[in-house]
Amino acid sequence: MESSNGGGWRMVMVLYVAVSMVGSGWCSKFDELVQPSWATDHVIYEGELLKLKLDNSSGAGFASKSKYLYGKVTAELKLVEGDSAGTVTAFYMSSDGVNHNEFDFEFLGNRTGEPYLVQTNLYINGVGDREQRMDLWFDPTADFHAYSILWNPRQVVFLVDDTPIRVFPNHEDRGVAFPRDQPMGVYSSIWNADDWATEGGLVKTDWSHAPFVATFRGLRIDGCEWAPEAGGLAELRRCGGSGWGKEGRYWWKEKAMEALSVHQSHQLIWVRANHLVYDYCNDPSRFATHPPECGK
C-alpha cells in the first residue's frame, strides 16, 4: 500500500481484518499485514480466525510486515480457555535493538475458575520494570475483546474495549524519557512462562491440557508506516509532523488525542479502583526512590 510521489511517502496503513468485513477472505487479508515470526506450524489459519498454539514442543508468534511511528493498534482476541496456568499470551509493539522501546500487553494464565491477570509494561531506551497488573471485569476466554495501544507524542494509552486501563504521559519536562524516535512493529506470541506467570511461578503448566490456543478475530493498525528507504530523518519529520500527511489524516495525533477525555478519565479511575492489583509505582521493595514518571 504505497504511493510514489517523489517524496518517499507511504499511505497510512488502515487495514482492518475482521470477520464482518472480509468473510472467507480473512486469511489472505491477514497475510497482507503480518507474518509468522516463529514456529510457523503453530500459527494456524482456521476459517476466519488466526490461532497461536502452545504445546510442550513450542509456542508461536507473528509480527507485522511494516513498522510504524505513532498510531493505534487493536487486536480482537479471545484468550486460552480452561486451565491456562503457566502460559502467557502477549500483544505488543516494539522497536529493534538493545535500547529499544516496547509497549506490552501480557495476559497471564491461571487455573480454571481463577481470573486472568493482564500485565502492562513499557520499555523506553531499553529500560523496563514498569509493570502494572490488573484483573478484568469480564471473562476474556468466553468471547472476543479489543485490546488497543494508542501512541502519539503526548501519551501512550492501553485500552480494553476502548476503556483506558493505563496512561503513560509524556513527562520529558521532568527528565523522563519518552518514546518518540524509533519505529515499532506489532507482535503477538504465546509461550510457557511457568517460572513466573502464575502466582509467582508456584503454579506450573499442566501439559495434559495442551494445546493452549489464543484466537484472533481481527487486527487493525492505524499508523504512520515507516519507509526505511526514505531515510530516518525524513521519516521522523514526516511521521512526527502535523496532523495531516499527503497520505491522509493522522487522527491519532490530533488535539483530542493528546490527553484522555473527561469520560475516559472517569473510566480510568474506576478501573484502577476496582481492578488494579499491582503497580510498580507503589512498590518500595523494588524502588527505594520513587520513579519520576509516577509523580509524587
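## Close-up views of a predicted model

**View 1. A cluster of aromatic rings.** Ring pairs link Phe105, Phe107, Tyr147 and Phe158 into a cluster. The model shown here and in the views below is a predicted one. In the structure as a whole, there are 16 aromatic pairs. Two members of the cluster will come up again with the strands of the next view: Tyr147 belongs to strand E11, which covers residues 145-152, and Phe158 falls within strand E12, residues 155-160.

**View 2. Strand E11, an enclosed strand.** Take a moment to follow E11 from residue 145 to residue 152. How many of its eight residues are buried? Eight of the eight are, so the strand is largely enclosed by the rest of the structure. The side chains alternate between two directions: His145, Tyr147, Ile149 and Trp151 point one way, while Ala146, Ser148, Leu150 and Asn152 point the other way. Whichever way they point, all of these residues are buried.

**View 3. The neighbours of E11.** Which strands pair with E11? One is strand E6, residues 68-78, which pairs with E11 in the antiparallel sense over seven bridges. Within this pairing, Ile149 of E11 has Val73 standing opposite. Another is E12, which also runs antiparallel to E11 and is joined to E11 by six bridges. Here Leu150 has Val157 of E12 as its bridge partner. To see how the chain passes from E11 to E12, look for the hairpin that these two strands form, with two residues between them.

**View 4. Phe138, in the loop ahead of E11.** This residue sits in the loop between strand E10 (132-134) and E11. Is Phe138 buried or exposed? Its relative accessible area is 17%, which makes Phe138 buried, since buried means under 20%. Leaving aside residues up to four places away in sequence, Phe138 touches His145, Tyr147, Val160 and Asp161. Of these contacts, His145 and Tyr147 point the same way from E11, and Tyr147 is also part of the ring cluster of the opening view. One more landmark is Tyr116, 22 residues from Phe138 along the chain, with a separation of 9.8 Å between the C-alpha atoms of the two.

**View 5. Two edge-to-face ring pairs.** A pair of aromatic rings is described by the distance of the centres and the angle of the planes. Among the 16 aromatic pairs of the structure is the one formed by Trp137 and Phe138, with 5.5 Å centre to centre and 90° between the planes, an edge-to-face arrangement. Trp137 is partly exposed, at a relative accessible area of 31%, whereas Phe138 is buried. Trp251 and Trp252 give another edge-to-face pair, at 5.8 Å centre to centre and 75° between the planes. Here too the partners fall into separate classes: Trp251 counts as partly exposed at 22% relative accessibility, and Trp252 counts as buried at 0%.

**View 6. The disulfide of Cys224 and Cys239.** A disulfide is a covalent bond between the sulfur atoms of two cysteines. The structure holds two of them, and this view shows the one joining Cys224 to Cys239, with 2.1 Å from S to S. The bond links distant parts of the chain, 15 residues apart: Cys224 lies in strand E15 (residues 212-225) and Cys239 in helix H3 (residues 232-239). The torsion about the S-S bond is about -70°, so this disulfide is left-handed. Cys224 is buried at a relative accessible area of 0%, and Cys239 is likewise buried at 0% relative accessibility.

**View 7. The disulfide of Cys281 and Cys294.** Cys281 is joined to Cys294, with an S to S distance of 1.9 Å. Both cysteines are in the segment after strand E18 (276-279), 13 residues apart. The torsion about this S-S bond is about -70°, so the disulfide is left-handed. At 14% relative accessibility, Cys281 counts as buried. With the bonded cysteines of the protein numbered in sequence order, the pairing reads 1-2, 3-4.

**View 8. The largest pocket.** This pocket has a volume of about 250 Å³. Which residues lie nearest its centre? Of the 16 lining residues, they are Gln132, Val167, Cys281, Glu293 and Cys294, and this list includes both cysteines of the disulfide in the previous view. Strand E13 (163-169) and helix H4 (262-275) each supply at least two residues of the lining. E13 gives the most, with four residues.

Note on methods: Residues are numbered from 1 along each chain as its sequence is written. This is a predicted model: local features need pLDDT of at least 70, side-chain atom pairs count only at pLDDT 80 or more; totals for chains, interfaces and linings use all residues. Side-chain values use heavy atoms; hydrogens and water are left out. Buried means under 20% relative accessible area, exposed over 50%, partly exposed in between (1.4 Å probe, protein chains only). Two strands pair if DSSP finds at least two bridges between them. A disulfide is a pair of cysteine sulfur atoms within 2.5 Å. Contact means heavy atoms within 4.5 Å. Rings of Phe, Tyr and Trp (its six-membered ring) pair if their centres lie within 6.5 Å; planes under 30 degrees apart count as stacked, over 60 as edge-to-face and the rest as tilted. On a 1 Å grid over the protein atoms alone, a cavity is a set of points where a 1.4 Å probe fits but cannot get out, and a pocket is an open set with protein on both sides within 12 Å along at least five of seven lines; lining residues have an atom within 4 Å of a point. Grid points are joined across faces, edges and corners, and a volume is the space filled by probe spheres set on the points.
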